[in-house]
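Let's take a look at this protein together, starting with its overall build and then zooming in on a few side chains.

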Amino acid sequence: MERLCDGRAYSLQTSSLHLDMLRDLMRINAHIVSFEHPLDGMLIGIGLSDAG
């Protein structure tokens with residue numbers, strides 16, 4: 001964190017890379033969740049889920 005406050009160019013560039021990676025991982029997670037929700041509903045419908 002100290003390197004970012006100092007304004008070092010290398011730290012700023014790697015920080016941008018880390019933020020991009022975090023954004024991409026969040027998008028992957030959102031896709032997984034959107035795929036899982038319909039499956040969970042199907043499992044509940046046929047009595048294979050712990051939910052409910």
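## Helices first

A helix here is a DSSP run of H or I covering at least four residues, and helices are numbered from the N terminus. With that in hand, L22 can be placed: it is found in helix α2. Keep in mind that what you're looking at is a predicted model.

Across the protein there are 2 helices and 0 strands. Helix α2 takes in residues 9-45.

## How much is on show?

What share of the 52 residues is buried? Just 4% of them are. To count as buried, a residue has to be under 20% relative accessible area.

The protein exposes about 4700 Å² in total. Carbon and sulfur atoms supply 65% of that area.

## A little network of charges

How many salt bridges turn up when the whole structure is searched? The search finds 2. One of them joins the side chains of D20 and R23, with an N to O distance of 3.5 Å. These two residues sit 3 apart in helix α2, so about one helical turn separates them.

R23 also forms a salt bridge with D24, and here the closest N and O atoms are 3.1 Å apart. Put together, D20, R23 and D24 are linked in a network of salt bridges.

Are these residues tucked away or out in the open? D20 counts as partly exposed because its relative accessibility is 32%, and partly exposed lies between the 20% and 50% cut-offs. R23 is partly exposed too, at 45%, and D24 joins them with 33%.

## A nonpolar patch

Now back to L22. Together with L19 and M26, L22 forms a nonpolar patch on the surface. Those three residues have about 320 Å² of accessible area together.

Where does L22 fall on the buried-to-exposed scale? With a relative accessible area of 47%, L22 is partly exposed.

Note on methods. Residues numbered from 1 in each chain as written. Predicted model: local features only at pLDDT ≥ 70, side-chain atom pairs only at ≥ 80, totals over all residues. Heavy atoms only, no water. Buried < 20%, exposed > 50% of the residue type's maximum accessible area, 1.4 Å probe, protein only. Areas by Shrake-Rupley, 256 points an atom, 1.4 Å probe, with all protein chains shown as cover. Salt bridge = Lys/Arg side-chain N within 4 Å of Asp/Glu carboxyl O. Patch = residues over 30% accessible without salt bridge, like charges linked within 9 Å, V, L, I, M, F, W, Y side chains within 5 Å.
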